[in-house]
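This report describes a ligand site and several individual residues. The sequence and the structure come first.

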Amino acid sequence: MKPRLLFATTNAGKLRELRGLVGDAVEVVSLEDVPPIPEPVEDGETFEANAEKKARAYAEASGLPSLADDSGLCVDALGGRPGVHSARYAEGGDQARYQKLLGELQGVPEEERSASFQCALCLAWPGGESRIEVGRCEGRILTGPRGSHGFGYDPVFFMPALGRTMAELTQEEKAAVSHRARAFQKMRPVLLALQATG
Ligand code: IMP
């Protein structure tokens with residue numbers, strides 16, 4: 001029998017990405033496939049702490065090995081902000097948040113606008129064991145938005161290696177280079193090994 005893994009998300013894109021990564025080896029279910037579980041508060045000071053808190057809570061509640069992620073944008077000139085507060089950095093939508101960021105960086109020269117998207121993934125087993133992997137994507141913050149794909153801070157996050165912003169990449173291109181994709185890739189062998197103990 002295939003092992004079952006709960007991915008603590010309702011985001012269809014993330015679910016698709018994970019299912020693509022583990023193929024037929026593991027049955028990946030989402031929060032929509034299990035009875036309602038109260039959502040843990042993401043009040044950690046690091047992406048790792050938040051991902052672990054979520055994965056542990058869902059593993060204990062569901063009895064299934066559970067995977068959770070936490071991610072955000074860290075801007076060096078702002079001491080790593082917005083970081084774990086990326087989703088709540090400003091009231092309103094994505095545009096309000098990246099505009100606030102551009103405002104805070106007004107006058108900061110190009111060479112000091114380095115930033116990284118970071119993602120922590122935690123796989124927790126019922127009973128306490130857990131494993132964490134992180135992925136990063138390096139870039140810099142432009143002075144204005146470019147591109148219409150993606151979400152969040154993608155339009156202002158420029159990747160010099162590709163010569164484009166994250167929002168100028170197709171979904172497939174982003175899935176190959178993103179912080180989340182890198183963390184998923186690192187976790188892949190652990191997820192595939194679930195089969196042996198399943
Ligand atoms: P979450 O970990 O999926 O909840 O993401 C937290 C927040 O970080 C999001 O609401 C976005 O503001 C930001 N973020 C995370 N990943 C990305 C990304 O791939 N592109 C743009 N913004 C992101």
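## Ligand contacts

A polar atom in the side chain of Arg180 lies 3.1 Å from an oxygen atom of the ligand. The model is predicted, and the distances here are computed from it. Two further side chains make polar contacts with the ligand. In Lys174, a polar side-chain atom is 2.9 Å from a ligand oxygen. In Ser71, an N or O atom of the side chain is 2.8 Å from an oxygen atom of the ligand.

How much of the ligand does the protein bury? Taken alone, the ligand exposes 480 Å², and the protein buries 86% of that area.

## Pocket and shell

The ligand occupies the space of the largest pocket. It is surrounded by 14 residues, the closest being Lys14, Ser71, Asp154, Lys174 and His179.

Which elements each supply at least two residues of this shell? They are strand S3, residues 66–75, and helix H5, residues 179–197. S3 gives the most, with three residues.

## Asp154

Asp154, one of the closest residues to the ligand, is placed in the loop between strand S5 (130–141) and strand S6 (157–159). Its relative accessibility is 2%, and since buried means under 20% relative accessible area, Asp154 counts as buried.

A polar atom of the Asp154 side chain lies 2.9 Å from the backbone nitrogen of Phe151. Beyond four places in sequence, Asp154 is in contact with Phe117, His149, Thr165, Met166, Ala167 and Lys174. Of these partners, Lys174 is also listed among the closest residues to the ligand.

## Ser178

Ser178 sits in the loop between helix H4 (171–177) and H5. Is Ser178 buried or exposed? With a relative accessible area of 2%, below the 20% limit, Ser178 is buried.

Not counting residues up to four places away in sequence, Ser178 touches Glu17, Cys137 and Met166. Met166 is also a contact of Asp154.

## Leu67 in strand S3

Leu67 belongs to strand S3, the element that gives the most residues to the shell around the ligand. At 0% relative accessibility, Leu67 counts as buried.

With neighbours within four places in sequence left aside, the contacts of Leu67 are Leu5, Leu6, Phe7, Ala8, Leu18, Leu121, Cys122, Leu123, Phe184 and Met187. Thr46 is 21 residues from Leu67 in sequence, and their C-alpha atoms are 17 Å apart in space.

## The cis peptide bond

What kind of peptide bond joins Arg81 and Pro82? The bond is cis, with omega about 0°. Most peptide bonds are trans. Pro82 is found in the loop between S3 and helix H3, which covers residues 94–104.

## Arg19 in helix H1

Arg19 is located in helix H1, residues 12–22. Its relative accessible area is 38%, and because this value falls between the 20% and 50% limits, Arg19 is partly exposed.

Outside the four nearest places in sequence, Arg19 is in contact with Val28, Val29 and Asp33. Arg4 lies 15 residues away from Arg19 along the chain, with 12 Å between the two C-alpha atoms.

Technical notes. Residues are numbered from 1 along each chain as its sequence is written. This is a predicted model: local features need pLDDT of at least 70, side-chain atom pairs count only at pLDDT 80 or more; totals for chains, interfaces and linings use all residues. Side-chain values use heavy atoms; hydrogens and water are left out. Helices (H or I, at least four residues) and strands (E, at least two) are DSSP runs, numbered from the N terminus. Buried means under 20% relative accessible area, exposed over 50%, partly exposed in between (1.4 Å probe, protein chains only). Contact means heavy atoms within 4.5 Å. A residue is near a molecule or strand if one of its heavy atoms lies within 4 Å of it. A polar contact is a pair of N or O atoms within 3.5 Å; within protein, one must be able to donate a hydrogen and the other to accept it, and residues adjacent in sequence count only if both atoms are side-chain atoms. Accessible areas come from the Shrake-Rupley method with a 1.4 Å probe; for residues, only the protein chains shown count as cover. On a 1 Å grid over the protein atoms alone, a cavity is a set of points where a 1.4 Å probe fits but cannot get out, and a pocket is an open set with protein on both sides within 12 Å along at least five of seven lines; lining residues have an atom within 4 Å of a point. A molecule sits in a cavity or pocket if more than half of its atoms lie within 2 Å of its grid points.
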